[in-house]
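Grab your viewer and a coffee: here is a handful of exercises to work through on one protein chain. Try each task on your own before you read the solution under it.

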Amino acid sequence: MNIPQIKSNFRTIDSILYAGYAPNVISTAMELGLFEALAKEPMNANTLSAKLGTIENVTEAFANALVSLKLLEKNGDYYSLAQVAEEFLVKASPAYQGATIALFSHYGQVMNQIPEILKNGPPKFDTDMWANIEAMKAGGQGTMGGSIQDVTEFITTLPEFPNLKNMCDLGGSHGFYTMALLDKNPQLRGTILDLPKVAELAKELILEMGCAERIDTIGADIKTDVSIGEGYDLVFASHVIYEWKGHLEGILKRINKAMVPGGVFVSNHLSMDDDECGPVSGTMVELMTRLMGYPTHHLSEDELKQALEASGFGDFTVRPAEEGRQYRSLILAARKLGRPEDRDIAQKQKGGKSNE
Ligand SMILES: C[S@@+](CC[C@H](N)C(=O)[O-])C[C@H]1O[C@@H](n2cnc3c(N)ncnc32)[C@H](O)[C@@H]1O
């Protein structure tokens, strides 16, 4: 037998393949109520299988797989929840991510069509997928897994925050970010701007959440040249301006026009490695996005800053994407220049320097 000489290690590929079973294991554990059972008390495989109505011997292997995924801990024969499972996988937790995980599986179905779409191209992207109240609620609850904490901490610590009065949440959908910011500043009022069908549903959601007195909605497609309002001292755009990648100035100039001088624009968008080949989650999101017929789901810090500078913004504050607790999301604030004290900043930018 001619045994091949090998220079690398197949275990790299082996690990990737076996990690592919993880979503199945996690979804089944959630369906069975395994995380709720262990939230009550640590259990061995015998008690756990009796609680779940499952076969002990298989349950043991199942629980061990969850230990290897670091969702459970094992002490002797006893399984307990790891903190990450306690916070995100137990239904009673305020940061429960069940709906996000269900959406992950739902959108992931496009991965079954990779060969066909690679060859024939994606279908036309359907914007109606955003006009779904359950998906909007899931999106709002999803932010509780770190994004809303990151964004709220970032914006409330900006020096302008205590004086803000009038914000717009562009592509705001569920409106959770606006609601969280309004909670922290009693004089702030909000406008959720989204596609007409989504804005109608957002109105219902805001009413349901008891925030209708301080939050308005505007139904508009920002691709057309409609006004997005005026007099905002904060415009927040989260996961919405990807579509303008490569020609961001158009949308940013319109945002700038709707703001007061000195007003703050805050962007919250996914950001990948410079060569767009990492992290793995980022490359997979990008692949899924393009398979679904949407242009991209990432913006780079450089592109964003350059486009902002060309659109009348400057004086950046940045929270690096690596620090994101839920996603690799870059949070960046830029001020609308135009006040007398902004002259120096504008001058430096014209000279080609960024003024972070
Ligand atoms: C991925 S969701 C983000 C929702 C929310 N901002 C967040 O970060 O959780 C994108 C939102 O942008 C809205 N959107 C996309 N294109 C739009 C357009 N051309 N005009 C207005 N809203 C748009 C969608 O309807 C959707 O609600």
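**Exercise 1: a covered strand**

E7 is mostly covered, with 9 of its 12 residues buried. One thing to keep in mind throughout is that this is a predicted model.

Task: Work out which way the chain crosses from E6 to E7, and through which helix.

Solution. Start at strand E6, residues 232-238, and follow the chain into H13 and on to E7; this β-α-β crossover is right-handed. Next, look at how the two strands line up: E6 and E7, the latter spanning residues 259-270, pair in the parallel sense over 6 bridges. For a spot check along the pair, find Ala237, which stands opposite Ser267 in E7. Finally, turn to the helix: H13 covers residues 249-257 and lies across E6, E7, E8 and E9, running at about 140° to E7.

**Exercise 2: the whole sheet**

Task: Write down the strand order of the open sheet that has 7 strands, and say which strands are at its edges.

Solution. Reading across, you should get E5-E4-E3-E6-E7-E9-E8, and the pairing is mixed. The edges are E5 (215-219) and E8 (313-319), each of which pairs on one side only. From one strand to the next, the twist averages 20°.

To see the mixed pairing for yourself, go to E7 again. With E6 it pairs in the parallel sense, whereas E7 and E9 pair in the antiparallel sense over 7 bridges. On that antiparallel side, Val266 has Ala333 in E9 as its bridge partner.

**Exercise 3: what packs inside**

Task: Find the residues with the most contacts inside the largest nonpolar core.

Solution. First select the core itself, which has 54 residues. Ranked by contacts within it, the ones to list are Met167, Leu170, Leu234, Val235, Phe236, Phe265 and Val266. Now ask which element gives the largest share: that is helix H12 (residues 196-208), with 6 residues. Another core, of 21 residues, lies apart from this one, and among its members are Leu81, Leu89, Val90 and Tyr96.

Then zoom in on Phe265. Skip the neighbours within four places in sequence, and its contacts are Val235, Ile255, Met259, Phe313, Ala334 and Lys336.

**Exercise 4: two positive phi angles**

Task: Lys70 and Ser173 have a positive phi although neither is a glycine. Is each one buried or exposed?

Solution. Take Lys70 to begin with. Its phi is about 65°, and it sits in the loop between helix H5 (56-68) and strand E1 (72-75). Count the other C-beta atoms within 10 Å and you get 11; the cut-off for exposed is 12 or fewer, so Lys70 is exposed.

Now do the same for Ser173. Here phi is about 50°, and the loop is the one between strand E3 (166-170) and helix H11 (176-184). Ser173 has 25 C-beta neighbours inside 10 Å, and 20 or more means buried, so that is how Ser173 counts.

**Exercise 5: a glycine in a loop**

Task: Decide whether Gly172 is buried or exposed, and list what it touches.

Solution. Locate Gly172 in the loop between E3 and H11. The count is 28 other C-beta atoms within 10 Å, so Gly172 is buried. Leaving out residues up to four places away in sequence, Gly172 touches Tyr177, Thr178, Ile192, Leu193, Asp194 and Ala202. As a distance check, put a ruler between Gly172 and Tyr107: they are 65 residues apart in sequence and 20 Å apart in space, C-alpha to C-alpha.

**Exercise 6: a peptide bond and the big picture**

Task: Find where the cis peptide bond before Pro279 falls, then step back to the whole chain.

Solution. The bond joins Gly278 and Pro279, with omega about -5°. Pro279 is in the loop between E7 and helix H14 (280-291).

Zooming out, the chain has 16 helices and 9 strands. Its C-alpha atoms fill a box of roughly 75 × 60 × 35 Å along the principal axes. Of the 356 residues, 32% are buried. Among contacts between residues at least 6 apart in sequence, 67% join residues at least 24 apart. Last step: split the chain into domain 1 (11-93) and domain 2 (127-350), and you will find their C-alpha centres separated by 36 Å.

Conventions:
Residues numbered from 1 in each chain as written. Predicted model: local features only at pLDDT ≥ 70, side-chain atom pairs only at ≥ 80, totals over all residues. Domains from an automatic or database assignment. Pairing = 2+ DSSP bridges. Helix = DSSP H or I, 4+ residues; strand = E, 2+ residues; numbered from the N terminus. Axes fitted to C-alpha atoms, helices over the stretch in contact; angles between N-to-C directions. Contact = placed C-beta atoms within 7 Å. Core = buried A, V, L, I, M, F, W, Y, C linked by C-beta atoms within 7 Å. Right-handed = clockwise from strand over helix to strand, strands pointing away.
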